[in-house]
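Here are my notes on the model you sent. They are set out as numbered points, to be read with the structure open.

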Amino acid sequence: MMRQLKLEPCAQMAGVKRRGSFLSQVFPEDSWMVALSAGMISSVVVVLAMTPFDVVSTRLYNQPVDHLGKGQLYKGFTDCFSKTLKKEGLAGLYKGLGASYFRLGPHTILSLFFWDELRKLYWKVR
């Protein structure tokens, strides 16, 4: 879970980092469409980065345990990651990609959009 908390903001910012150069050419400068489009691009980056961690976490939480509470299928995060990759390939780490997008996408888009709009408002008032 801690890995996910650290990875999400990094992926959000990676998706937004280049918005000024490309999206400012497509939309008027300081348009709300720039922030919204950057949020959409960033949401795809976030989902692609986070889904493998969500899949592994879900498998770890849902595995059967023995009488001592130790997992019977996986020894830990890296074991689960490597076994999934070996058995199911890269597609196995992206199971539930659509559900992940519907969960993380709107949050990322709206967070970055409102942050940008509030930042613009703050600099106008200040």
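1. Residues 32–53 are 100% helix and 0% strand, and the C-alpha atoms at the two ends of this span lie 32 Å apart. The unreviewed UniProt entry annotates residues 32–53 as "transmembrane region". Please keep in mind that the model is predicted, and that the annotation may be inferred rather than shown by experiment.

2. On the overall fold, the chain has 6 helices and 0 strands. Read along the sequence, the pattern is α-α-α-α-α-α. Of the 126 residues in the chain, 34% are buried.

3. Helix α6 covers residues 97–125, which is 29 residues. At 1.5 Å a residue the helix should span 42 Å, and the 41 Å between its end C-alpha atoms agrees with that. There is nevertheless a bend of about 30° in α6 at leucine 104. Proline 106 follows within four residues of the bend.

4. Which residues of α6 are buried? They are Ser100, Leu104, Gly105, Thr108, Ile109, Leu112, Phe113, Asp116 and Lys120. Leucine 104, where the helix bends, is thus on the buried list. When reading the spacing of such a list, recall that an α-helix has 3.6 residues a turn, so residues three or four places apart point the same way.

5. Helix α6 also contributes to the surface. Leu110, Phe114, Leu118, Leu121 and Val125 make a nonpolar surface patch of about 530 Å². Valine 125, one of the patch residues, is found in helix α6. Its relative accessible area is 67%, and because the cut-off for exposed is over 50%, valine 125 counts as exposed.

6. Salt bridges deserve a separate look; the whole structure holds 7 of them. Aspartate 116 and lysine 120 form one through their side chains, with an N to O distance of 3.9 Å. The cut-off is within 4 Å, so this pair at 3.9 Å is counted. The two residues are 4 apart in helix α6, which means that about one helical turn separates aspartate 116 from lysine 120. Both are buried: aspartate 116 has a relative accessibility of 4%, and lysine 120 has a relative accessible area of 16%. Through shared partners, salt bridges join Asp116, Glu117, Arg119 and Lys120 into one network.

7. A further salt bridge joins the side chains of glutamate 88 and arginine 59, at 2.8 Å from N to O. This pair links distant parts of the chain, since glutamate 88 belongs to helix α4 (residues 77–88) and arginine 59 to helix α3 (residues 32–62), 29 residues apart. Is each partner buried or exposed? Arginine 59 is buried, with a relative accessible area of 19%, where the cut-off is under 20%. Glutamate 88 is partly exposed at 30%.

8. Glutamate 88 has another salt-bridge partner, lysine 95, and their side chains meet at 2.9 Å, N to O. Lysine 95 has a relative accessibility of 48% and counts as partly exposed. Glutamate 88 therefore takes part in salt bridges with arginine 59 and with lysine 95, while being partly exposed itself.

Methods. Residues are numbered from 1 along each chain as its sequence is written. This is a predicted model: local features need pLDDT of at least 70, side-chain atom pairs count only at pLDDT 80 or more; totals for chains, interfaces and linings use all residues. Side-chain values use heavy atoms; hydrogens and water are left out. The expected span of a helix is 1.5 Å times one less than its number of residues. The bend at a residue is the angle between axes fitted to the seven residues ending there and the seven starting there. Buried means under 20% relative accessible area, exposed over 50%, partly exposed in between (1.4 Å probe, protein chains only). Patches are made of residues with over 30% relative accessible area and no salt bridge: like charges are joined within 9 Å, nonpolar side chains (Val, Leu, Ile, Met, Phe, Trp, Tyr) within 5 Å. Accessible areas come from the Shrake-Rupley method with a 1.4 Å probe; for residues, only the protein chains shown count as cover.
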